[in-house]
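Good morning, colleagues. Please bring up the sequence and the structure on your screens, and I shall begin with a single pair of residues before widening the view.

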Amino acid sequence: VRRIEPSDFLHHGQRCETVKRGGRVVAGNKIIEKIEEEARQGAAAIEAEAKQKAEAEKSRILGKAKESAAEIEAKAQADAKEAAGRLMLIADLKSRKDSLAAQRAVIQEAFDQAALRLSQLPQETWEKLILAIVTQSDVEGTETLVVPAKDRAVYENGFLSKINKTLVDQGKKGEMTLDSETASFKEGILIRGKDCDYDGSFATLLRDVRSEEEYRVAGILFDA
């Protein structure tokens with residue numbers, strides 16, 4: 001049997017102290033590992049939350065962008081529709097303007113032809129027209145007649161006497177005379193009275209007829 005020495009107690013104490021110190025090291029390492037693990041978990045949680053927020057923000061931005069794009073597209077479509085409507089309106093107005101101009105041109109041509117026919121009336125028809133103008137006017141029978149230079153000889157050669165006779169037959173004075181003044185118009189007659197004159201020129205008669213009958217003539221020409 002080995003003899004127990006005092007030094008054996010010393011080494012034993014040292015070993016115990018070493019074991020105790022080793023236990024503290026292990027415990028410290030575990031604490032550090034736990035802190036590191038918690039740190040990693042915290043970092044992961046923060047990262048996950050950050051990603052979640054980033055995704056949410058991304059979704060919000062994309063949604064806003066899509067909404068803005070939809071609004072822009074809708075406005076573009078509305079603007080395009082409005083622009084197309086304006087173009088159609090302009091085209092319609094231009095078409096109506098052109099159509100109206102064409103109608104007026106045709107009406108003008110119709111009255112120009114009427115004026116031409118009046119200037120080419122046979123003598124008998126012309127005299128009937130002049131008589132109608134004089135006798136259907138509110139005259140006394142003492143007025144003077146202003147006529148174109150080309151027609152003066154016709155009046156002087158018996159037509160003026162015929163007019164006065166017709167007035168007498170209507171119960172009026174048959175004392176009309178030719179005015180020394182020559183008419184500025186080419187066709188028709190001007191009756192000059194004491195208080196007023198009556199313009200019986202063919203141009204004036206046609207203008208009056210056109211003013212009263214233009215819509216009716218347009219209806220006849222264009223089935224309006």
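L145 stands opposite I191 in strand β3. Please bear in mind throughout that this is a predicted model. A second pairing of this kind places T144 opposite R192, again in β3. These positions belong to the contact between strand β1, residues 144-146, and β3, which pair in the antiparallel sense over three bridges.

On its other partner, β4, the strand β3 is joined by five bridges, and the two run antiparallel. One of the positions concerned is L190, whose bridge partner in β4 is D199. The connection between β3 and β4 is a hairpin, with four residues between the strands.

Let me now place these strands in the sheet. Four strands form an open sheet, in the order β2-β1-β3-β4, and the pairing is mixed. Its edge strands are β2, residues 177-178, and β4, each of which pairs on one side only. How many of the five residues of β3 are buried? Four of them are, so β3 is largely enclosed by the rest of the structure.

For orientation, the protein has four helices and four strands. Read from the N terminus, the elements run α-α-β-α-β-β-β-α. Of the 224 residues, 20% count as buried. As for contacts, if we consider those between residues at least 6 apart in sequence, 73% join residues at least 24 apart.

I turn next to the loop between β2 and β3, where I should like to consider two residues, A183 and S184. Is A183 buried or exposed? Its relative accessibility is 11%, and A183 therefore counts as buried, the limit being under 20%. The result for S184 is 78% relative accessibility, so that residue counts as exposed, for which the value must be over 50%.

Each of these loop residues can also be related to a part of the chain that lies well before it in sequence. Setting aside neighbours within four places in sequence, A183 is in contact with V146, V147 and P148. The C-alpha atoms of A183 and A149 are separated by 7.1 Å, with their positions 34 residues apart along the chain. For S184 and P148, which are 36 residues apart along the chain, the C-alpha separation is 6.9 Å.

The next topic is the aromatic residues. The model contains three aromatic pairs, counting rings whose centres lie within 6.5 Å. In one of them, W126 and F159 form a tilted pair, with 5.4 Å from centre to centre and 40° between the planes. This pair links distant parts of the chain: W126 lies in helix α2, residues 123-135, and F159 in helix α3, residues 152-169, and the two are 33 residues apart. Both W126 and F159 are buried.

F159 has a further aromatic partner, Y155, and this pair is likewise tilted, at 5.2 Å centre to centre and 55° between the planes. Why are Y155 and F159 separated by about one helical turn? The reason is that they are four residues apart in helix α3. Both Y155 and F159 are buried. Taken together, W126, Y155 and F159 form one aromatic cluster.

Finally, I come to the largest pocket, which has a volume of about 290 Å³. Which residues are the closest to its centre? Of the 15 residues that line this pocket, they are D138, E143, G193, K194 and C196. Strands β3, residues 188-192, and β4, residues 197-201, each supply at least two residues of the lining. The lining comprises four nonpolar, four polar and seven charged residues.

This returns us to the strands with which I began: β3 and β4, which form the hairpin, also contribute to the lining of the largest pocket. I would be glad to take your questions.

Methods: Residues are numbered from 1 along each chain as its sequence is written. This is a predicted model: local features need pLDDT of at least 70, side-chain atom pairs count only at pLDDT 80 or more; totals for chains, interfaces and linings use all residues. Side-chain values use heavy atoms; hydrogens and water are left out. Rings of Phe, Tyr and Trp (its six-membered ring) pair if their centres lie within 6.5 Å; planes under 30 degrees apart count as stacked, over 60 as edge-to-face and the rest as tilted. Buried means under 20% relative accessible area, exposed over 50%, partly exposed in between (1.4 Å probe, protein chains only). On a 1 Å grid over the protein atoms alone, a cavity is a set of points where a 1.4 Å probe fits but cannot get out, and a pocket is an open set with protein on both sides within 12 Å along at least five of seven lines; lining residues have an atom within 4 Å of a point. Grid points are joined across faces, edges and corners, and a volume is the space filled by probe spheres set on the points. Ala, Val, Leu, Ile, Met, Phe, Trp, Tyr, Cys and Pro count as nonpolar, Asp, Glu, Lys and Arg as charged, and the others, Gly among them, as polar. Two strands pair if DSSP finds at least two bridges between them. Contact means heavy atoms within 4.5 Å.
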